[in-house]
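Work through these exercises with the model open beside you. Try each task before you read its solution.

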Amino acid sequence: MMTASANEQSIEIMNLWEDSLSDADSWAIPGISLTAEESEIVNAHNNDVLTISAEQIVRFITGEYDLDTQWESFKQLLVDNGVEEIQSAYQSALDRYNAR
């Protein structure tokens, strides 16, 4: 059962979230389009990166992995599986969008 302070905190968080939704234009990702080559890059790596992220983050949250000692190896695992290539593809698409 939630304490009154935890309940109040939950309500405050929900209110902050609702307020941020009304200001979505300031943080929303624009409707960018990937080229065929960029799409191939994202498709080649995205599933692995998402799977690794989902599995590893749960281990950090549950305490199975230690943030202080295993965070860098987690980041390297993402790099080894193409996260930088995905980021580069989306950055190129965003750069094109911003240059229009």
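**Exercise 1. A charge over a ring**

Over the face of which residue does Arg 100 lie, and at what distance from the ring centre?

Solution. Start at Arg 100 and look for the ring below its side chain. The ring belongs to Tyr 97. Arg 100 lies over its face, 3.9 Å from the ring centre. Keep in mind that this is a predicted model.

**Exercise 2. Confidence and overall layout**

Find the mean pLDDT of the protein, then name the elements with the lowest and the highest mean.

Solution.
- Step 1. The protein averages a pLDDT of 87. A score of at least 70 is reached by 86% of the residues.
- Step 2. Go through the elements. Helix 1 (residues 4–22) has the lowest mean pLDDT, 75. Helix 3 has the highest, 96.
- Step 3. Apply the rule for reading a model. Low pLDDT means that the predicted coordinates should not be read in detail.
- Step 4. List the secondary structure. There are four helices and zero strands. Along the sequence the pattern reads α-α-α-α.
- Step 5. Look at burial and contacts. Of the 100 residues, 13% are buried. Take the contacts between residues at least 6 apart in sequence: 68% of them join residues at least 24 apart.

**Exercise 3. Helix 3 from end to end**

Compare the span of helix 3 with the expected value, then describe what lies at its two ends.

Solution.
- Step 1. Count the residues. Helix 3 covers residues 67–80, which is 14 residues.
- Step 2. Work out the expected span. At 1.5 Å a residue, 20 Å is expected.
- Step 3. Compare. The helix reaches 19 Å from its first C-alpha to its last, close to the expected value.
- Step 4. Go to the N-terminal end. Asp 66 caps it. A side-chain oxygen of Asp 66 lies 3.3 Å from the backbone nitrogen of Asp 68.
- Step 5. Go just past the helix. Gly 82 takes a positive phi there, of about 105°.

**Exercise 4. An aromatic cluster**

How many aromatic pairs does a search of the whole structure find, and how are the rings of Phe 60 and Tyr 65 arranged?

Solution.
- Step 1. The search finds four aromatic pairs.
- Step 2. Take Phe 60 and Tyr 65. Their ring centres are 5.6 Å apart and their planes meet at 80°. Planes over 60 degrees apart count as edge-to-face, so this pair is edge-to-face.
- Step 3. Now take Phe 60 and Trp 71. The centres are 5.3 Å apart and the planes are at 65°, so this pair is edge-to-face.
- Step 4. Place the partners. Phe 60 lies in helix 2 and Trp 71 in helix 3, so the pair ties together parts 11 residues apart in sequence.
- Step 5. Check burial. Phe 60 has a relative accessible area of 11%, so it is buried. Tyr 65, at 21%, is partly exposed. Trp 71, at 33%, is partly exposed.
- Step 6. Join the rings up. Ring pairs link Phe 60, Tyr 65, Trp 71 and Phe 74 into a cluster.

**Exercise 5. Ser 53**

Is Ser 53 buried or exposed? Which residues does it touch, not counting those up to four places away in sequence?

Solution.
- Step 1. Locate Ser 53 in helix 2 (residues 36–62).
- Step 2. Read its relative accessibility, 16%. Buried means under 20%, so Ser 53 is buried.
- Step 3. Find the partners. Ser 53 touches Phe 74 and Leu 78.

**Exercise 6. Helix 2 and helix 4**

Describe the surroundings of Glu 38 and Tyr 90, and give their C-alpha distance.

Solution.
- Step 1. Glu 38 is in helix 2. Its relative accessibility is 8%, so it counts as buried.
- Step 2. Leave out residues up to four places away in sequence. Glu 38 then touches Ser 33, Ala 89, Ser 92, Ala 93 and Arg 96.
- Step 3. Tyr 90 is in helix 4. Its relative accessible area is 37%, so it is partly exposed.
- Step 4. Beyond its neighbours within four places in sequence, Tyr 90 is in contact with Ile 32, Leu 34 and Val 42.
- Step 5. Tyr 90 and Glu 38 are 52 residues apart in sequence. Their C-alpha atoms are 7.7 Å apart.

Key. Residues are numbered from 1 along each chain as its sequence is written. Side-chain values use heavy atoms; hydrogens and water are left out. The expected span of a helix is 1.5 Å times one less than its number of residues. A polar contact is a pair of N or O atoms within 3.5 Å; within protein, one must be able to donate a hydrogen and the other to accept it, and residues adjacent in sequence count only if both atoms are side-chain atoms. Buried means under 20% relative accessible area, exposed over 50%, partly exposed in between (1.4 Å probe, protein chains only). Contact means heavy atoms within 4.5 Å. Rings of Phe, Tyr and Trp (its six-membered ring) pair if their centres lie within 6.5 Å; planes under 30 degrees apart count as stacked, over 60 as edge-to-face and the rest as tilted. A charge sits over a ring if NZ of Lys or CZ of Arg is within 6 Å of the ring centre and within 35 degrees of the ring normal. pLDDT is the predictor's confidence in each residue, from 0 to 100.
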